[in-house]
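Hi there,

Here is the structure I promised to pass on. Have a look through it first, and then read my notes below.

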Amino acid sequence: MYTQGLDSLGKECVDRSAGDSGPLAQRFQERVDADEKIEPRDWMPDAYRQTLIRQISQHAHSEIVGMLPEGNWISRAPTLRRKAVLIAKVQDEGGHGMYLYSAAETLGISRDQMQEQLLAGTAKYSSIFNYPTLTWADMGAIGWLVDGAAILNQIPICRCSYGPYARAMVRICKEESFHQRQGFEIMLTLARGTPSQREMAQDALDRWWWPSLMMFGPGDAQSRHTAQSMRWKIKRFTNDELRQKFVDVTVPQARFLGLTVPDPHLAWDEAQQHYRFGAIDWSEFQAVLQGNGPCNRERLQMRRAAHEEGAWVREAATAHARKQAVRQGEAA
């Protein structure tokens, strides 16, 4: 679904860039400036490599952990059609995680290492998945708001300077656009339903609006790494630019639904041609990042349990692969 932003990746990701200098670094930057794609075997600054490893692995973790709050509603979907669509969406998220783990592996980190970091709690994933899904309307809000925010963040990554990441994002963005439409359609159905269904839709918007705005990361004034990541063309827009685009696109959609955005300060600025919105509670964002969100512990416990329960599948697959290799060797 979404990668949070470079500011939550750890200062060591970018701070080592000073050590990467000289003709190779100059040639690398010239290629980036010319919009050439950097490929796995090309020379790259170590800080660039480490930043990408952290960002791509965090993105992959977010896809995998993001399956949990939605998977919780598969058995409770209101109709067979809704169940089938939700199953397809959760399956897509798992596939996105696999694409992204593969892209990260091209940078020299193994999938096992990334999994160990996630299960140990040392790797981050998007803070949005540490909120509970209390009603069916949350499936609509996640698709409409969370996947909508993801699309705005991820479409520019299709032009990322690192080739494997950019190429993986092309298919992911196509599938995320389906997820966003699916979520909006759920919200539209509820908004046009019974009074209790409409109330459910409004409650979901109330709870997911502000966490969705936080998904873009800290404001530009507090963003330590945006300048460098934009210079490397890992990132094409700042956090605040993306957040503003999201608000400008989403507020008219909420009004079409007949729902009220939970922000008393929301207003259209005619001169700037943008919506102005209220202050974000960044203390909540930091609390969730530090592991103190409503569902942080639950999410990691579920991932650890799934990893342990799936050990026999991994062992069986490994044994089968060994047998296949032996047979192919004998046949040759």
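Let me start with a question: is Trp-43 buried, partly exposed or exposed? With a relative accessibility of 34%, Trp-43 counts as partly exposed. Before you read on, please keep in mind that this is a predicted model.

**The aromatic corner**

Trp-43 has a ring partner in Phe-28, and the two make an edge-to-face aromatic pair, with 6.2 Å from centre to centre and 75° between the planes. The partner is in another setting: Phe-28 has 3% relative accessibility and so counts as buried. Phe-28 belongs to helix 2 (residues 23–33), while Trp-43 sits in the loop between helix 2 and helix 3 (46–65), so the pair ties together parts that are 15 residues apart in sequence. The two rings also have company, since Phe-28, Trp-43, Tyr-48 and Trp-232 form one aromatic cluster. Over the whole model the count is eleven aromatic pairs.

Helix 2 has another residue worth a click, Ala-25. Ala-25 has a relative accessible area of 13%, under the 20% cut-off, so it is buried. Its C-alpha atom is separated by 6.6 Å from that of Pro-45, although the two residues are 20 apart along the chain.

**The overall picture**

Now zoom out. The protein chain has 14 helices and two strands. Its C-alpha atoms fill a box of roughly 70 × 50 × 35 Å along the principal axes. How does the radius of gyration fit with a compact globule? For 332 residues such a globule would have a value near 20 Å, and the chain has 21 Å, which agrees.

Half-and-half is a fair way to remember the burial: 50% of the 332 residues count as buried. The accessible surface comes to about 15,600 Å², and 55% of that belongs to carbon and sulfur atoms. As for contacts, take those between residues at least 6 apart in sequence: 80% of them join residues at least 24 apart. On charge, there are 40 positive and 40 negative side chains, and the centres of the two sets lie 4 Å apart.

**Two residues with a positive phi**

Next, a pair of backbone oddities. Most residues other than glycine have a negative phi. Lys-233 goes the other way, with a positive phi near 60°. You will find Lys-233 in the loop between helix 10 (226–231) and helix 11, and its relative accessible area of 17% makes it buried.

Gln-273 also has a positive phi near 60°. This residue is in the loop between strand 1 and strand 2 (274–276). Is Gln-273 buried or partly exposed? Gln-273 is partly exposed, at a relative accessible area of 41%.

**Some buried residues to visit**

Val-261 is in the loop between helix 11 (239–257) and strand 1 (267–269). A loop residue can still be covered, and Val-261, at 9% relative accessibility, counts as buried. Which residues does Val-261 touch, once those up to four places away in sequence are set aside? They are Leu-205, Trp-209, Val-251, Ala-254 and Leu-266. Val-261 and Asp-206 are 55 residues apart in sequence, with 7.0 Å between their C-alpha atoms.

Gln-182 is part of helix 8 (residues 163–191). Its relative accessibility is 8%, so Gln-182 counts as buried. Leaving out residues up to four places away in sequence, Gln-182 touches Val-85 and Lys-89.

Last stop: Phe-285, in helix 12 (residues 282–292). At 2% relative accessibility, Phe-285 counts as buried. If you want to cross part of the model from there, go to Cys-158: it is 127 residues from Phe-285 in sequence and 27 Å from it in space, C-alpha to C-alpha.

That is my tour. If you open one view, I would pick the cluster of Phe-28, Trp-43, Tyr-48 and Trp-232.

Cheers

How values were computed. Residues numbered from 1 in each chain as written. Heavy atoms only, no water. Helix = DSSP H or I, 4+ residues; strand = E, 2+ residues; numbered from the N terminus. Rg over C-alpha atoms; globule rule 2.2 N^0.38 Å. Buried < 20%, exposed > 50% of the residue type's maximum accessible area, 1.4 Å probe, protein only. Contact = heavy atoms within 4.5 Å. Areas by Shrake-Rupley, 256 points an atom, 1.4 Å probe, with all protein chains shown as cover. Lys, Arg positive; Asp, Glu negative; His and termini not counted. Charge placed at Lys NZ, Arg CZ, Asp CG, Glu CD. Phe/Tyr/Trp six-rings, centres within 6.5 Å; stacked < 30°, edge-to-face > 60°.
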